[in-house]
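Q: Please take a close look at a single part of the structure shown here. Kindly explain each term as it arises.

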Amino acid sequence: MDIQLKKGLLDICVLTVLKHSDSYGYQIVKDVSDYVETSESTLYPILKRLEANGSLTTYSVEHQGRLRKYYQITDNGKAKIDEFLVEWRQVEKIYQFIKEENEHE
Amino acid sequence: MNKQMFLNELDKALFKLSYSEKKNILNYYEELIEDYKENGCSEEEAVARLEDPKEIADRAIGELQPPTDDHASSSILVKLLIILGSPLWASILLAGAMFVLSILIIIWCLPIVTVSFAFASVAGALIGVFGAVPVMVTTFLYGIFQLGVGIFCVGLSYWTIRLAQLSIDYSKNLSWRVLDSVISIFRNGGCFSWIKINGSR
């Protein structure tokens, strides 16, 4: 998949996973990988970016003697998911148009 | 590669970033490796799943560090003002540096105390235990008492040494954070970009 396209999609995928429930690094990678090919290293900058623009917050929980960082979606993040869904209705229309024009040949 | 080697390589590759950013990344990957281990992978397998530390570092640095601005060439006037004003800003800078130095000294007072306690405990332990023998030869009871105190100091040494180690780590951590905040003032060009902006108008 095109890298730029993937970047935008991944941000929203991560937010969607978090909307379902708070989660931590390893779990997020697993859940998102079910839908989009992701690696642990691609995830880190995404999480940092989402935290920087206020879409998520973090907190730490003790787990088996170490600290585990949990990520939580904010209202801002939820709004971004809605924005994405609206924008992609547009994309859908354009896709339909391209597909139809292509088939008419 | 095992976890520690991976983290060390990553630490080295991330040298460009500030202490706190670096710590965040290292914690993230350490946590990830631990989670993989918890879910059945061996440490080697977990590390193998991750990218090469150099690549991770390049990507992290690229994303996190804002591109350095191309500072507009300063006018001659600005350069002149900087030189003329040097007695002022240089002495302010020096005062600032002394202030930071005094903060660091205060931070390190704690380890100085705990390490002294540790030394004292160890000395007490050594002198108490080994010095007890000659004393026992002259006055047995005093010797026993000294031996007792010596053994007590052995136990005390364990705790004081641990406390000293903890306080050294704590102070190191704190010192880096202080230096980090100071350095980031200059790295982001805080003071100097102000001068340049006002000079080029």
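A: Two helices count as roughly perpendicular when the angle between their axes is 65 to 115 degrees. The model is predicted: local features need pLDDT of at least 70, side-chain atom pairs count only at pLDDT 80 or more, and totals for chains, interfaces and linings use all residues. Residues are numbered from 1 along each chain, chains are lettered from A and ligands numbered from 1 in written order, and side-chain values use heavy atoms, without hydrogens and water.

The part chosen is helix α2 of chain A, residues 25-33. Its axis and that of helix α3 of chain A (residues 40-52) come within 10 Å and cross at roughly 110 degrees. The two helices, α2(A) and α3(A), are therefore roughly perpendicular to each other. On the α2(A) side, A:G25, A:I28 and A:V29 make the contact (heavy atoms within 4.5 Å), and they meet A:E40, A:L43 and A:L47 of α3(A). By class, these contact residues are 4 nonpolar, 1 polar and 1 charged.

The partner α3(A) has 13 residues and spans 19 Å from its first C-alpha to its last, close to the 18 Å expected at 1.5 Å a residue. Its buried residues (under 20% relative accessible area) include A:E40, A:L43 and A:L47. Just after α3(A), A:G54 has a positive phi of about 80 degrees.

Helix α2(A) also meets helix α1 of chain A, residues 3-20: their axes come within 10 Å and cross at roughly 115 degrees. Hence α1(A) and α2(A) are roughly perpendicular to each other. Here A:I28, A:D31 and A:V32 of α2(A) touch A:L10, A:C13, A:V14, A:V17 and A:L18 of α1(A). This contact has 7 nonpolar, no polar and 1 charged residues.

Note on methods: Axes are lines fitted to C-alpha atoms, for helices over the stretch in contact, and angles run from 0 to 180 degrees between N-to-C directions. Helices (H or I, at least four residues) and strands (E, at least two) are DSSP runs, numbered from the N terminus. Angles under 35 degrees count as roughly parallel, over 145 as roughly antiparallel, 65 to 115 as roughly perpendicular and the rest as oblique. Ala, Val, Leu, Ile, Met, Phe, Trp, Tyr, Cys and Pro count as nonpolar, Asp, Glu, Lys and Arg as charged, and the others, Gly among them, as polar. The expected span of a helix is 1.5 Å times one less than its number of residues. Buried means under 20% relative accessible area, exposed over 50%, partly exposed in between (1.4 Å probe, protein chains only).
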